[in-house]
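Got your viewer open? Here's a short tour, one selection at a time.

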Amino acid sequence: MPTTADWLVLLAGFFAAVMNSVAGGGTMLTFPALLAAGLPPVLANTTSTVALYFGMPGSVWAFRKRLAEVKSWILPLGIVSLVGGFAGAWLLLRFDESVFERLVPWLLIFATLLFLLNGPIRRWLKKHESPEPEHPKAWGTAFQTGVAIYGGYFGAGIGIMMLAGLGVLGLRDVNRMNALKALLGLLCNTAAVVLFLIKGAVDWRLAAFLLAGSIPGYLFGSHFAQRIPATAVRVIVSIIGLSIAAHLFWKQLNP
């Protein structure tokens, strides 16, 4: 019989999928829910990544026409996204779990700040329209490599990091940027998920509850995304992220 923790994980999967449809940041709910269910931090992170991965191809498919408009960007940024995602996942599994445990509160704070900057960055991009370059610059490819490494290692907030980077690189059409972001995120997570599966770093029972919650969550979110205030979602998720980070800091100081 499902436990209370199982139902918590299922609800987290549902609301995380709704969040991803509205404003992104679903990991900010699934990761702490899996921690509360008793998983150690690294396993909670890998399980969350694998479970949420299955909703990503649908986002890429929805942007398939826009991807044709940025096809010259796909190969260079796609390659480094695969390589970086694999490298980040390897680092996560390579080092002792205590390293990740010490970093988690800082990563949550970092992800929360990125999440809060989502709206301002999008507004800035809309105001600063200019001709778009045909290819990404070398330093932009290097930046995306770093983003992908972070994505493979933890991943929360990776979407807004990519949007910011693509904006600085010169892309201005938000739909094109979202299309490229969706594809690069899928490639980054594909590399990470493959390694997690090879290493057996997944709690399949809780992943199934996350997936069971996320499927109706994506359906609900896709229909009601325009009716749910993204600002309210960001505020709620940011409070959750900062609260969990504070709790983890307290646990580190009071083992």
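Before we set off, one bit of vocabulary for a later stop: Ala, Val, Leu, Ile, Met, Phe, Trp, Tyr, Cys and Pro count as nonpolar, Asp, Glu, Lys and Arg as charged, and the others, Gly among them, as polar. Keep in mind, too, that you're looking at a predicted model.

**Stop 1: the whole protein.** Show everything as a cartoon. You'll find 12 helices and zero strands, so the pattern along the sequence is α from start to finish, by the way helices and strands are assigned here. Of the 255 residues, 49% are buried. Now switch on the surface: the accessible area is about 12,400 Å², and 69% of that belongs to carbon and sulfur atoms. How much of the contact list links residues 24 or more positions apart? Among contacts with a separation of 6 or more, such pairs account for 84%.

**Stop 2: helix H3.** Select residues 41-53, which make up H3. Try the distance tool on the C-alpha atoms at its two ends: they are 18 Å apart, which agrees with the 18 Å expected for 13 residues at 1.5 Å a residue. Next, colour by burial. H3 is mostly covered, with 12 of its 13 residues buried; among them are Pro41, Val42, Asn45, Thr46, Thr47, Leu52 and Tyr53.

**Stop 3: Ser48.** Stay in H3 and pick Ser48. Is Ser48 buried or exposed? Its relative accessibility is 2%, and because anything under 20% counts as buried, Ser48 goes in that group. To see what covers Ser48, show its contacts beyond four places in sequence: Thr27, Thr30, Phe31, Leu34 and Leu210.

**Stop 4: the second largest pocket.** Which residues lie closest to the centre of this pocket? Select Leu35, Pro41, Glu101, Leu248 and Lys251; these are the closest of the 14 lining residues. The space here is about 340 Å³. Three elements give two or more residues each to the lining: helix H2 (27-36), helix H7 (97-127) and helix H12 (230-253). H12 supplies the largest share, five residues. Colour the lining by class and the vocabulary from the start comes in handy: eight residues are nonpolar, three polar and three charged.

**Last look.** Keep Pro41 selected before you close the session. Pro41 is one of the buried residues of H3, and Pro41 is also among the residues closest to the centre of the second largest pocket.

Technical notes:
Residues are numbered from 1 along each chain as its sequence is written. This is a predicted model: local features need pLDDT of at least 70, side-chain atom pairs count only at pLDDT 80 or more; totals for chains, interfaces and linings use all residues. Side-chain values use heavy atoms; hydrogens and water are left out. Helices (H or I, at least four residues) and strands (E, at least two) are DSSP runs, numbered from the N terminus. Buried means under 20% relative accessible area, exposed over 50%, partly exposed in between (1.4 Å probe, protein chains only). Contact means heavy atoms within 4.5 Å. The expected span of a helix is 1.5 Å times one less than its number of residues. On a 1 Å grid over the protein atoms alone, a cavity is a set of points where a 1.4 Å probe fits but cannot get out, and a pocket is an open set with protein on both sides within 12 Å along at least five of seven lines; lining residues have an atom within 4 Å of a point. Grid points are joined across faces, edges and corners, and a volume is the space filled by probe spheres set on the points. Accessible areas come from the Shrake-Rupley method with a 1.4 Å probe; for residues, only the protein chains shown count as cover.
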